[in-house]
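Me: Please take a close look at one part of this model, the loops with unusual backbone angles, and then place that part in its wider setting. I am a first-year student, so plain wording would help.

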Amino acid sequence: MADPTTARAPRRSLGKTILQYKYFYLMVLPILVWYALFSYGPMYGVTLAFKTFNYGKGILGSPWTGLDNFKTLLTDPEFRTAFFNTLIISVMKLIVHFPMPIILAIVLYEFSRNKARRFFQTILTFPHFISWVVLAGIIMNILSKDGIYNQIAMLFGADPSSPLADERAFRPILYITHVWREIGWDSIIYLAALAGINPELFEAAEVDGASRFRRLLNIAWPGIKSTVSVLLILHVGQMLTQGASFEQIFNLYSSPVYSVADTIDTYIYRTSFTVGGDFGYMTAVGVVKSVISLVLLWAANTFAKRMGEQGLY
Amino acid sequence: MVKKITAVAAGLALSTALLAGCGGNDNNGNDQAASPAASGASQSQGASAAADNPYKDPMEISVAFWDADAEVAKIAKDPIAQEVLQKFNIKLKPVNTTWDDYAQKIQMWAASDQLPDIFAIDAIGTQYQRKWVDQGVVKALPDLAKYPNLAEYFEAPDIKGLNVDGKYYTVPRRMFPSVDWSALDRIVLYRWDLAQKAGITKEPETWDEFKAMLEAITKADPEGKHIAGLTTTQNKLIGGLFWLYGNPVATSDGSGSDFKWIEEDGKLVPAVFSKKALPALQNMRDMYDKGLIDPDIALAKGSDSYDKFVSGKAAALLSGGGFVNFNGDIYEKRWKTAYPDTDITQSVKVLKPLVGPDGERAHAIFKTYWSESYFSSKVDDKKMDRIMALYDYILSPEGKDLLIYGKEGVDYKVEGGKKVMIETASLNEKYPARAFLRQLVAYETSDSYDMNNPLIANESIRKEAVDYIDWVLKNTKVPDYDIRLTYMSTPTKDKFTVLDQDDLLKVMLSKDPVEQAWNDILKSYKAKGLDKMIEEVNAKAKQEGIQ
């Protein structure tokens, strides 16, 4: 007689499972439709990377050109600049920005009372809801000749300058403004993770005489480590898209800083619409970016798993 | 259970609504199509539907034009525009574009086969315009014999030169009768009132005098506003001023594809890359380093720059649109409210083309037109005929008079062969859509430089405008260049663009010496095939006998 504890539950057909959980499936349907329509459907356009676009024949009818677009890409100096700028800006933003919300969350959790925490959280989260178009206007005003930056500089006898048109200053401005916009929003998830730690652990540690730093290192950090790891993987995966944010750079840059600020996205936009480059070539540039993103995501996920954390898949 | 089903159904409905909202196609414009019928003209339409009327069938024509939504909406308030459209039984459907997005939108519509019937863009010479013609995106114009005014319009040499294998694919918007008039398209306005307060007594005529004036104003800062030197409404205009220091043929319209060629050391080269470039760049950098140029010039935006200039925060303004914009954007929109009791022409002057290092007075050189009308290949012959008829009428003497002076006997009368205005109120307010209809076909900017033409409403500015162009025509000379080289097609040249405004800004703001900064730029152009393009053009020019 089979042991009832080890007996397998009878396998049910997929149809029956769907029927049982029909409401969940119904709820997820719009999301699937969204992905099908806006993410998977348009993917046939990727074929353009291997074609030269013909207006009369459209995407499907345009003639195939094999790997020609990718060969051109390797010899294009502007693509090279855009490629390295994308990597530099993305990596630097990750390094500069990623720890900031964690530090902010810990500071708010540890040092603020509930009311103060809510106040600071609201103030710091607010910029996230302002679009880059508006924020860029504000930043330009701050850094313009009549702006507060130059007013202060002139008080100390400096000549007015335009940091947004200065190759040395432009990237740091990107990092700082990115932190300013996102620090509050990104800290919410860490604050939630911190709130999920059993307060008795902190109390017990306090009774045992653990210092604040010790409590942070041995209770708070392990409590949010898995969240940090998942978010790091997500950030790395989206690094090239969101790190080198098109909206931020496009709204702030100008030709004097192209050499340090032109990223793959802005390069595609400028070349497609200002110069009128071939859509096939521009698609090839986009495909290269997507492939790099995929590799980065895989690498980050593998690394996290090797470090003993849970990966995304 | 019922509750669950209701909740799920509501969720689905909401998602579907959101998806539907996202998936809308705005290419067809909104529903505010303007029709003469909408304003009570339907009765007369009935009358015009006589059997012999070639326009008896109503026709809806979609038009992509800058601010088309607002412009077409004005037709309902404009009896003249209604009369013109009614004559051809046309209803215009606006497809809005803006100055910021028109090129992008039109290229996207071309790629996705969603072009409106008529669309306005400055695309001559670009890679994509050549493809539109080769790949059947735009419709060729029919035989113009049936449209005498249009046929005459195409007799102008640089418009005639646009034919491709004997066919025309566009109606360019003519501005001027000759390139000498291009001086009007890049003017420098300066605050003469502030210059006088800073001790300047003579209006500048040379680069040194101009620089001395800017230096005096910025140093004296007469109104205590930390006044900047020269600014611009768009940074793509800057070549139109700085190349004038000894290299005027290098001026281009900012599209990247209209660069002109000169002969140097027995070889044809784009003027931008000639030996004359370096002194012009050095002069520009000197001005920047001395604080005579607004440090924010790289990020300059139209309305901000106008505000800056009028409010006394910039000593000079490089602007497009000549005296028409001087009247509209500076005087009408800003100056007359800010300084109601002053005569603007005593406070703001327009810089005459300066004497360059070679002793010549030079001005920017462009084409005689700017931007073009294109017609989607989906437009059938019947609709094309109607469009051509409308264009022909707007270019006819009758159409021109109606759209400039209004109605004879009501708005103006003819005395001794001259038109004398009767209407004292602004015609722009009385007939708010007439300018749009005119500009849909051609700008004919030169018509405004006439004391009898009320388009430049402020008479002092109009007088200055007329005097200015007379002076320019008498005192400046357009240097030699061959426009055929600009239009010439070679494999490398077709893909080559020269965005000189970007290069000028790079040199201006670079920390490196001018020569080094310029050499770096030259190196990047060489990597993109500059030498190969020069070889190809020289070979083809030789073949075609162009010297």
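Reply: What follows begins with two loop residues and then turns to the core, the contact between chains and the confidence values.

This is a predicted model, and every angle and count below is computed from it. Most residues other than glycine have a negative phi. Asn89(B) is not a glycine, yet its phi is positive, about 55°. Where does Asn89(B) lie? Its place is the loop between α4 (79–87) and β2 (90–97) of chain B. Is Asn89(B) buried or exposed? Asn89(B) counts as buried because it has 21 C-beta neighbours inside 10 Å, and the cut-off for buried is 20 or more.

His226(B) also has a positive phi, near 50°, and is a residue other than glycine. His226(B) sits in the loop between α10 (207–220) and β6 (228–232) of chain B. Its surroundings hold 14 C-beta neighbours inside 10 Å, so His226(B) counts as partly exposed. That class lies between the limit for exposed, 12 or fewer, and the limit for buried, 20 or more.

Next comes the nonpolar interior. The largest nonpolar core has 171 residues. Val63(B), Leu189(B), Phe242(B), Ala315(B) and Ala316(B) have the most contacts inside this core. Leaving aside residues up to four places away in sequence, Ala316(B) touches Val188(B), Leu189(B), Tyr190(B), Leu214(B), Gly229(B) and Leu230(B). A second core, separate from the largest, has 14 residues, including Phe53(A), Ala82(A), Phe279(A) and Met282(A).

The two chains also meet. Chain A brings 28 residues to the contact and chain B brings 37 residues. On the side of chain A that touches chain B, α2 (22–40) and α16 (264–275) of chain A each supply at least two residues. The most comes from α2(A), which gives six residues to that side. Sorted by class, the side of chain A that touches chain B has 16 nonpolar, nine polar and three charged residues.

Last is the predictor's own confidence. For the complex, the predictor gives an ipTM of 0.77 and a pTM of 0.81. The average pLDDT of chain B is 88, and 91% of the residues score at least 70. Residues 5–49 of chain B have a pLDDT below 50. In the model, this stretch has 52 contacts beyond near neighbours in sequence.

Technical notes
Residues numbered from 1 in each chain as written. Chains lettered and ligands numbered in written order. Predicted model: local features only at pLDDT ≥ 70, side-chain atom pairs only at ≥ 80, totals over all residues. Contact = placed C-beta atoms within 7 Å. Helix = DSSP H or I, 4+ residues; strand = E, 2+ residues; numbered from the N terminus. Nonpolar A, V, L, I, M, F, W, Y, C, P; charged D, E, K, R; others polar. Core = buried A, V, L, I, M, F, W, Y, C linked by C-beta atoms within 7 Å. pLDDT = per-residue confidence, 0-100.
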